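Got the model open in your viewer? Keep the selection box handy and follow along stop by stop.

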Amino acid sequence: MAAFVSSVLYIPAFGAYKASGLSKGLLSHGSEVIKIFELSLTMSLSQTNFLSSSLLSSSHDLRIPYSRAVLSYPRIQTHRILCAAKRTGKRRYPSERRKLRTEQKEAVAKVKNKLEGVWRLSKLGVPVGDDPGKDFLGISEGLLQAIAKVIEFPVSSPVASMLPEEAFSVIRKSFDARKILKEAKFVYTVDLDVKTLLELEPRAHDFIFRLEPKIGLIEHVPTEKSVSGDLISVVNDCKRINSETASGEYEPQIINGSGDPHHHGGGRSKPKIAVVGGGPSGLFAALVLAEFGADVTLIERGQAVEERGRDIGALVVRKILDMESNFCFGEGGAGTWSDGKLVTRIGKNSATVLAVSILRLPNVLKTLVRFGAPDNILVNGKPHLGTDKLVPLLRNFRHYLQSAGVTIKFGTRVDDLLVEDSRVVGVRVSDSTNQLQTTSQNLKVDAVVLAVGHSARDTYEMLHSRNVELIPKDFAVGLRIEHPQELINSIQYSDLANEVLKGRGKVPVADYKVVQYVNDKTEDLSQSSSKRSCYSFCMCPGGQVVLTSTNPTELCINGMSFSRRSSKWANAALVVTVSAKDFDVLNLKGPLAGIEFQREFERRAAIMGGGDFTVPVQRVTDFLQNKLSETPLPPSSYRLGVKSANLHELFPAHITEALRESISMFEKELPGFISEEALLHGVETRTSSPVRIPRSNETYESTSLKGLYPVGEGAGYAGGIVSAAVDGMFSGFAVAKSFDLFDGTIESVIGKAQGAGLVKY
């Protein structure tokens, strides 16, 4: 029976969605979202050209300077069906128009004083030719013209004579180069400070008084919501409020070392908290707790970034793998040697977060800026740091924690939890730098914040032996594809590709994100059809493929890039979602089945590569035709060596077929994606944690073991640097509250906690 496929393409370089079939589609404009939907039927053919004559002729219009041969491979019968898009303008149903009018009236009613606070202006488009470029985050003449247009300011050019640039600040800037536009443009969100405007231009008083909110375009933000500081400032404000409302000098809760914060006896002292893991969640949890006055010990099995860099160098140059200090383990976590993406599904770019002046993310992003991140991460629509920026930032973060009294133990592995009366009372640790050492040390604490990453498999096994509840979680596995970056630039930007200049030009280095949803119906998995998502993950423009194995008998890879993204390669994982039914196919059961599933394919990849961390690779064109790639292969950025292999022999047939089918559909969205120069690398398995550790939504405490607080990506509650940091921040406040280190509600201080399901970049 035919499989049903829906296809949506998300291109983060300009923050928009699109689907193929522009002439047939329904066009819907949302908050920087455009969806085009089509209903098409692809007839089943045993052998057919994946490039039809119409597609070949249209490719000339894209002006891609790469010649692509017409290739043939077997195609699967597919029906592409998408639901109708949200309508705009005259296409709206009467009920939708009524709802919009209601929302508009509510927005107007919420404005108490138009002459105070700020007015937030969104969707301000400035053509590339009128903008100084991606690295300019100020107020240009072109932007002032866009501002005057959206607020209908009654002035003629030059608008700068009546709209002083000092009254405006850029909140967000992104790049939009969709082919359906007449010309590429930068899209801004800008705050208009009323007080400053009236001081510099009193004649604007009457105009501001007549200004009205417009859904999606103009919003009034009261003064009390227009400012958000870094995390340290937020905690200090909480402590100040506590001291003002408390009678006498504020003191922390009495602790006796027994793990019971409410047992009064044994003297007054700070609560002792062990934070296990030095990634984003662990660092932010430790920062919050230290600022609130807890006695914090941060335990990291890997090394500080300086020593970790040397260990990674030994791996890349001499193929020496340190199993405790590598691309996965060490200060900063797995994200340190990655692309340093600071985008997340929980919110910097969401309308909800922008509407409340981004309550959570400035706490995270401004904290990163405080420790050395560039200011532009607060404005860029898709901020990223790169490894070169993350290393000094983490060093500064560490020095601050130490100055705040945090004890940091690098090269220290947590081997077990100390449990008494169903409560954690400490941890057993050992020296991870000495593999021959068998001695261990017990550290008594009042609580443990477990912030390990998704590769801490021995920790999961230890928790399982302690009867801590673990739940198998869906994740994704697949391959990493690599193209010449110039090809991706040409596909995305056409004539503007020459403006990239290896990250130093006017427009950003091009990237992409593609998604397919396939409804399987295969007898070996289920009696009924099930939706399977195939998508690109952790796309690294101007980057390189790196080894993320933590065991020499296993082989897995990831991508990384530096801040300028100047490499000549672009890589991204192409992955397929897997779940318990996939584990059952390999007869893998229990809460750790997902881990064994990962190990199975990492071992297969190591064998296919021939050992010594050599990666099995295959041309995309050969993968589609299920044939071994002939040498010489296209060049790869992977530095430890590649070997031609048939990657069809790696995964079960249903996963391979989903990947193969998705790649052919991605070609429709990105003509040129299937190329003789595109190389697939195996294998990518660690997209997110394979387990979740259940916890209370309010206290963040484990539901099966008191005193244990599982947080971050390794616990199954985050995916990426920012979401992990946010989860660590919330957990820090939750633990501090449980020990009476601060009063009030967490939501009133840093907003509402994220949902557990938001675990993708």
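Start by selecting G142, L143, L144, A146, I147, A148 and V150: these are the buried residues of helix α3. "Buried" here is under 20% relative accessible area, exposed is over 50%, and partly exposed lies in between, using a 1.4 Å probe and protein chains only. Helices (H or I, at least four residues) and strands (E, at least two) are DSSP runs, numbered from the N terminus.

Before going further, some ground rules. This is a predicted model, in which local features need pLDDT of at least 70 and side-chain atom pairs count only at pLDDT 80 or more, while totals for chains, interfaces and linings use all residues. Residues are numbered from 1 along each chain as its sequence is written, and side-chain values use heavy atoms, leaving out hydrogens and water.

**Stop 1: around α3**

Now extend the selection to residues 141–150, the whole of α3, where 7 of the 10 residues are buried. What do those buried residues pack against? Show β9, β10, β11 and β12 (218–221), and you have the packing partners of α3. Just past the helix, click on E152: its phi is positive, near 55°.

**Stop 2: strand β11 and its two partners**

Select residues 185–193. This is strand β11, and 7 of its 9 residues are buried, so the rest of the structure largely encloses it. Two strands count as paired if DSSP finds at least two bridges between them. Add residues 118–127 for β9, which pairs with β11 in the antiparallel sense over 8 bridges. To find your way along that pairing, pick L121, whose bridge partner in β11 is V190. Then add residues 168–176 for β10, antiparallel to β11 and joined to it by 8 bridges. Here S174 is a handy marker, with V187 as its bridge partner in β11.

**Stop 3: the nonpolar cores**

A nonpolar core is a set of buried Ala, Val, Leu, Ile, Met, Phe, Trp, Tyr and Cys residues joined through side-chain atoms within 4.5 Å. Which residues have the most contacts inside the largest one? Center on I147 and F733, which hold that position in a core of 161 residues. Helix α18 (residues 721–738) gives the most to this core, contributing 10 residues.

Stay on F733 and show what is around it, with contact taken as heavy atoms within 4.5 Å. Setting aside neighbours within four places in sequence, F733 touches L231, V234, V235, C238, V288, F292, F742, I746, V749 and I750. For a second, separate core, select A274, L417, Y460 and M462, which are among its 27 residues.

**Stop 4: a buried arginine**

Jump to R480, in strand β21 (residues 475–484). Is R480 buried or exposed? Its relative accessibility is 0%, so R480 counts as buried. Turn on the side chain of N571 as well: the R480 side chain makes a polar contact with it at 2.5 Å. (A polar contact is a pair of N or O atoms within 3.5 Å; within protein, one must be able to donate a hydrogen and the other to accept it, and residues adjacent in sequence count only if both atoms are side-chain atoms.)

**Stop 5: strand β25**

Select residues 557–561. All 5 of the 5 residues of β25 are buried, so this strand is largely enclosed by the rest of the structure. Rotate to check both faces: I557, G559 and S561 lie on one side, N558 and M560 on the other. Add residues 543–547 to bring in β24, which pairs with β25 in the antiparallel sense over 5 bridges. One bridge to look for runs from Q544 to M560 in β25.

**Stop 6: salt bridges**

A salt bridge is a side-chain nitrogen of Lys or Arg within 4 Å of a carboxyl oxygen of Asp or Glu, and the whole structure has 40 of them. Pick R564 and D135, whose side chains meet at 4.0 Å, N to O. This pair links distant parts of the chain, 429 residues apart: R564 is in the loop between β25 and β26 (569–578), D135 in the loop between β9 and α3. R564 is partly exposed at 33%, while D135 is exposed at 55%.

Next, select R413 and D415, with their closest N and O atoms 2.9 Å apart. R413 is buried at 17%, and D415 is partly exposed at 31%.

Finish by selecting R457, E461, E554, E596, R599, E602 and R686, which are linked in a network of salt bridges.
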